[in-house]
Structure formats: structure tokens, C-alpha cells
Amino acid sequence: MADRDDPFGANDPPARRGSLVIVGTGIRTVGQMTTEAVAWIKRADTVLYLVGDPIAEGAIRSLNPEGARSLADTYVADKDRTDAYGGMVDRILACLRAGDLTCAAFYGHPGVFVSPAHEAIRRARAEGFEARMLPGISAEDCLFADLGVDPGIHGCQSFEATDFVLNRRSVDTSSAVVLWQIGIFGFATHKQGSYALPAMSLLVEKLERIYGPAHAMYLYDAAVLPGCESIIRQIVAADLMSEPLSIAYTLYVPPSRVADPDMDAYNRMVALNAAYKESGEE
Ligand SMILES: C[S@@+](CC[C@H](N)C(=O)[O-])C[C@H]1O[C@@H](n2cnc3c(N)ncnc32)[C@H](O)[C@@H]1O
């Protein structure tokens, strides 16, 4: 059995047979794994994990040496990634049905671009198991810190890069845009290493149509290992054709115009607030 050392003591929810907790390990596991994620990893009978680096894997294995199992082998080269996701959900559900307190750990935030995490929760609940997800630190959280941008100033839209093109997603250019998974643009299949990205011209076309050819944008690769620096490269859209892109890259596109204030809404808001104040209800 795993080490049941429990830093939350009596206030911690009771361990039940066949329950699921999904946690995130953060992007830089050393420093970004939350204390509650650590506690659940230690406490679980089985920890199924999918992380991108050996330090994260080592951290999980040392927290629960007997229960930790990798999900990485669900990926098969040149097969659709959704096949792997189905395999991950099946393995999680099998542990629950065996009565294990099961912890599934995914890198970053486990609910951000991790469809098997959401699907495992949905199916576990449908089968009557207790299941919940705990938040983690995502790549976008790291991006806001490293690029020094605050989504509260201009707003921020997040899209998966392939979905952004294929589903004609529209953009408010007075707010920022974050494009995820640009390093696997156009691919639904799994590959080892980096992808050739022959369809990248479609993303470049769309970005140039929206922002013009000279708008500055930023390629971002958050530091994963302790002592390493994040990579931030300023580019224009056309550079996406020649820049080497790893699967970890995210693209940040700053706003290209100021917002268009709605003076009618502003005046109505002032009037409604004044009327409320005059009514004496404060
Ligand atoms: C399947 S998603 C997983 C996201 C992860 N769950 C999270 O919370 O950030 C993979 C995408 O996340 C982004 N990503 C992952 N690691 C990153 C890193 N070190 N730096 C920047 N973006 C990263 C990239 O856009 C990558 O294609």
C-alpha cells in the first residue's frame, strides 16, 4: 500500500474505496505542485500520471513508489491522439472499479487541454464513484507571469491553434489571444519529437488577415526544469513557417488596437448606480 501520511489530518475528506482525484503537477513541478496535489499523490492506492519531464516523473514516483504508474505508453506513434485519451480513461476507470483510491496526475492544470481528465471524471460519476479535480498551474499562468501581461487589462481569448483555423474562430483584436498547441498545428496523430507542420501556412494566412504582416507576437516556452529560463521569442506571423517549434510552444498575440468604448452602456451604468444611491438602499 502507498504511504498514507496525510498533512491535512482530520479535516481531509475520508478516503473511500473507488474514488478519483485528478491533480495537476504544474509546468515546473519543482515548486509548482500544490500541497494538496502532493497529499493526494501520497495517499492514493494508485497514481496514474502523464507528465512531460523526468524530474516530474521522479517526484511522483518518490511520493508514491508503490502506486505510481505512467500513462505515457497509451500513446502510439502515428495513431490518433484521441485513441490514447480513450486508453487513459479506461485505465483510470479500471482502478476505480478495483476499489482503489485513484489519483490521476497530469502536467500543468489537469483541466486545461486535457480531455481525458474531464472524461474520466464524467464517466466515474456516471458509474457512481466520487470524483473531483483540483486546479494546477497551467502554461497560460506561467505565460502571464513571464511575459508580464495581465488578462484583466485587455481581456484574453484562448484557442487551440488547429481549432482556431478549422472552426473559423473570430477574434476581438482589442484583447490578447493565446494559441495553444502551435507545435502540432494540423495534426491529430501522435509523433515522437517535433512535427514538420506542412499546413502552417493556413495559420499564418489567418493571423496576417487579422493582424497584418508586421504585428509582433511572442513564442513562449515556459521553463520546466529548475535553474532553466523560459524562452520568449518575438516574431511576426510569417516567422512561424521557419521557426523551429517544439510541441511545448504557445503563441501569445497582443492586442492590435484599443478597445471601442460603449458610451451608451457607460452612461446607463452611471445613471443606474446614481439611482440606486438616491434610493437610499445602500
Ligand atoms: C495538451 S496541452 C496541456 C496543457 C497543460 N495541461 C497546462 O495546463 O498548461 C499542451 C500545450 O500546452 C502548452 N504548453 C505545455 N507546456 C508548455 C510550456 N512549457 N511552455 C509553454 N506552453 C506549454 C503548449 O501550447 C502545448 O502545446
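This report describes the surroundings of the ligand and the second largest pocket in a predicted model.

Residues are numbered from 1 along each chain as its sequence is written, and side-chain values use heavy atoms, without hydrogens or water. Local features need pLDDT of at least 70 and side-chain atom pairs count only at pLDDT 80 or more, while totals for chains, interfaces and linings use all residues.

**The ligand**

Around the ligand stand 19 residues, of which H109, A139, A222, A248 and T250 come nearest; a residue is near if one of its heavy atoms lies within 4 Å. The shell has 13 nonpolar, five polar and one charged residues. Domain 1 (9-133) and domain 2 (139-253) each supply at least three residues to this shell, the bounds coming from an automatic or database domain assignment. The table gives polar contacts, pairs of N or O atoms within 3.5 Å.

| Ligand atom | Protein partner | Distance |
|---|---|---|
| nitrogen | polar backbone atom of V112 | 2.8 Å |
| oxygen | polar backbone atom of Q181 | 3.0 Å |
| oxygen | polar backbone atom of Y249 | 3.1 Å |

The protein covers 94% of the 570 Å² of accessible area that the ligand has on its own (Shrake-Rupley method, 1.4 Å probe).

**The second largest pocket**

A pocket is an open set of points on a 1 Å grid over the protein atoms alone, where a 1.4 Å probe fits, with protein on both sides within 12 Å along at least five of seven lines; lining residues have an atom within 4 Å of a point. The second largest pocket holds about 160 Å³ of space, and its lining includes R81, E160 and Q181. Helix α4 gives the largest share of this lining, three residues (helices are DSSP runs of H or I, at least four residues). Because both domain 1 (9-133) and domain 2 (139-253) contribute lining residues, this pocket lies between them.

Conventions:
Polar contact = N/O pair within 3.5 Å; in protein donor to acceptor, adjacent residues only side chain to side chain. Nonpolar A, V, L, I, M, F, W, Y, C, P; charged D, E, K, R; others polar. Points joined across faces, edges and corners; volume = space filled by probe spheres on them. Helix = DSSP H or I, 4+ residues; strand = E, 2+ residues; numbered from the N terminus.
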